[in-house]
Amino acid sequence: MVKHIYSPLECYLEIYAARQVVQHSRKNAKHREDQIQAEADLVHFQNHLKECTGIPGEVDSGLSKKEMHAPGQEKSANFKGSAVFHSHALVAFFEMTCGYGWARRSGWVGRAPTRKIKPVPFFAVDPSNWYGVGINRPRQRVGKLLLGGNGLEGVVPYKSICAMVSLDTLQLQMNELRGPVPAQLGAMSALTDLDLSCNHLEGTVPEELGDAMALTRLDLSSNALDGELPDMLGDLDRLRTFKVAANGGLRGSVPASFAGLTALTDLDLAENAFSGPVPPFAALLTNLTCLDLSHNAFDGPLPPLPPSLTTLDLGHNAVSGGVAPEFCQTAAATLETCFLNNNALEGPVPAEIGDMVALRSLNLSHNRLSGLVPDSVTRLTNTRSLDLQGNALEGVTIPQGLEDLPNLQYYMGAEGFASHYLQRPKRFDRYRFAFGMEFQKIYAGPTRLPPVAPKDGGEHDAGGDRAAPPTPPPRARDRLPTYVQATNGRGAPPAIRRSMIQASRAPAADG
């Protein structure tokens, strides 16, 4: 039997007709496996046409939008950028990271899960059905690898990762990966999101990462990296998030080239061994919203802040000098969280601190601040937490009007204040909050002891042989809590106030 040879035009027409059938089946399919089966039939038809034409490349170029073959099938050179070609790299990635021990590996091993009894053929399973794999649909390439917290082990398989040239998102956080950060990842021009946090990576941060110009997020925190940050990272002008916190071994100063990261919004260098002055270029990063430099060895004065900053954490450093009024006025309209605790700040608390109207949490504890707490803190109407303890502040009274702040929940005053830890009720009650700020004075008073009758009569007792009179029962007022008795019910809940009124009208018990 002579096999019919199709011309390229006939192939185009046949594939166009087959595509119409697949689209119709896809539209009327009730289950996902029916769609996969229809696409598998189209693949079979295309393979048949390739065998019957003298120009096999003409069938594949720009015609099939869904190429789904078994990972072991032969492929021509024009499949190099497709998900079919990348499946070989995915299989190598699976083997290099001990894939059989993954927590979730559906689609990587065996056949795709289906709800029907009839199994889906293996050749009909494309990498988009594999757990954690995302396909860029327009070009049918592997674009995302999201395997965070999946139990991956071994070194980072950079060869199989670099083979997926269209990969733009690589998230391998919270695994058991070890070894160095691969420098070859800097050659991936499409990579925009790289997350290798919470692993056991060691070594230095490779300077080759500065060649990945498309990076917008780089997270290497919670590893065991050491050394200094390379200057080439300052060339990543699209970088928005940079985190290397909780490595412990990173040292040196922050490179001055970081001033070129104009798109940066989140910079986290906490829990390392960085030293030198606090980066003065922070004011040049006009898009910066979160700056965390805590638990390092930064020194020098407080730097000027960018006007867009909302979170600042410089706690547990060696920052010295005073809190300048300009520091409070720069980000007065946007700063919501400000932690400057455990430093060497000195001088008075500036009155301009009341201009930080957006502030929700302020921590100036354990410094060398002196003077009085300014009355302008009563203008912080959005503040929930205010910590000034561990300083040399003067005065033993709380600033007048502090109890009227509608959102204040915690106030830790300086040494000698009447209150060190106050919690405002969930439902604001001015009188209850004012009562809570005086609780030390209440409990410092004498306790109310019930009268006790003598056990035996002495010579001063006329009726020595007589039995001791019974102890009178306590009044209803005495059964109330001590703090309610001491304040005459001021600030007490309505139910307790009603019981006090009834107790005051009840006659006293006769002895």
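This tour moves through the structure selection by selection, starting with its sheet and ending with two loop residues. The model is predicted.

**The sheet.** Begin by displaying the strands in cartoon form. Eleven of them form an open sheet, in the order S3-S5-S7-S9-S11-S13-S15-S17-S19-S21-S23, and their pairing is parallel. The edges of this sheet are S3 and strand S23 (392-393), each of which pairs on one side only. In general terms, the strands of a sheet pair through backbone hydrogen bonds, in either a parallel or an antiparallel sense.

**Strand S9 and its neighbours.** Next, select residues 224-227, which make up strand S9. Strand S7 (residues 200-203) pairs with S9 in the parallel sense, over two bridges. To locate this pairing, pick Glu202, which stands opposite Ala224 in S9. Then select strand S11 (residues 249-252), whose pairing with S9 is likewise parallel and spans two bridges. Here Asp226 is the residue to pick, with Gly249 of S11 opposite.

Now show the side chains of S9. Which residues of the strand point to the buried face? Leu225 and Gly227 point to one face and are buried, whereas Ala224 and Asp226 point to the other and are not buried.

**Strands S19 and S21.** Move along the sheet to strand S19 (residues 344-348) and strand S21 (residues 368-371), which run parallel and are joined by three bridges. Select Glu346 together with Arg368, the bridge partner of Glu346 in S21.

**Gly148.** Leave these strands and select Gly148, in the loop between strand S2 (141-146) and strand S3 (153-155). With a relative accessible area of 26%, Gly148 is partly exposed, because that value falls between the 20% and 50% limits. Expand the selection to its contacts: setting aside residues up to four places away in sequence, Gly148 touches Arg104, Gln171, Leu172, Gln173 and Asn175. For Asn175, draw a distance between C-alpha atoms; the separation from Gly148 is 6.7 Å, although the two residues are 27 residues apart along the chain.

**Ser166.** Finish at Ser166, located in the loop between helix H5 (158-163) and strand S4 (169-171). Is this loop residue, Ser166, buried or exposed? Ser166 counts as buried, because its relative accessibility of 12% is under the 20% limit. Add Arg141 to the selection and show both side chains: a polar contact of 3.1 Å joins Ser166 to Arg141.

Note on methods
Residues numbered from 1 in each chain as written. Predicted model: local features only at pLDDT ≥ 70, side-chain atom pairs only at ≥ 80, totals over all residues. Heavy atoms only, no water. Helix = DSSP H or I, 4+ residues; strand = E, 2+ residues; numbered from the N terminus. Buried < 20%, exposed > 50% of the residue type's maximum accessible area, 1.4 Å probe, protein only. Polar contact = N/O pair within 3.5 Å; in protein donor to acceptor, adjacent residues only side chain to side chain. Contact = heavy atoms within 4.5 Å. Pairing = 2+ DSSP bridges.
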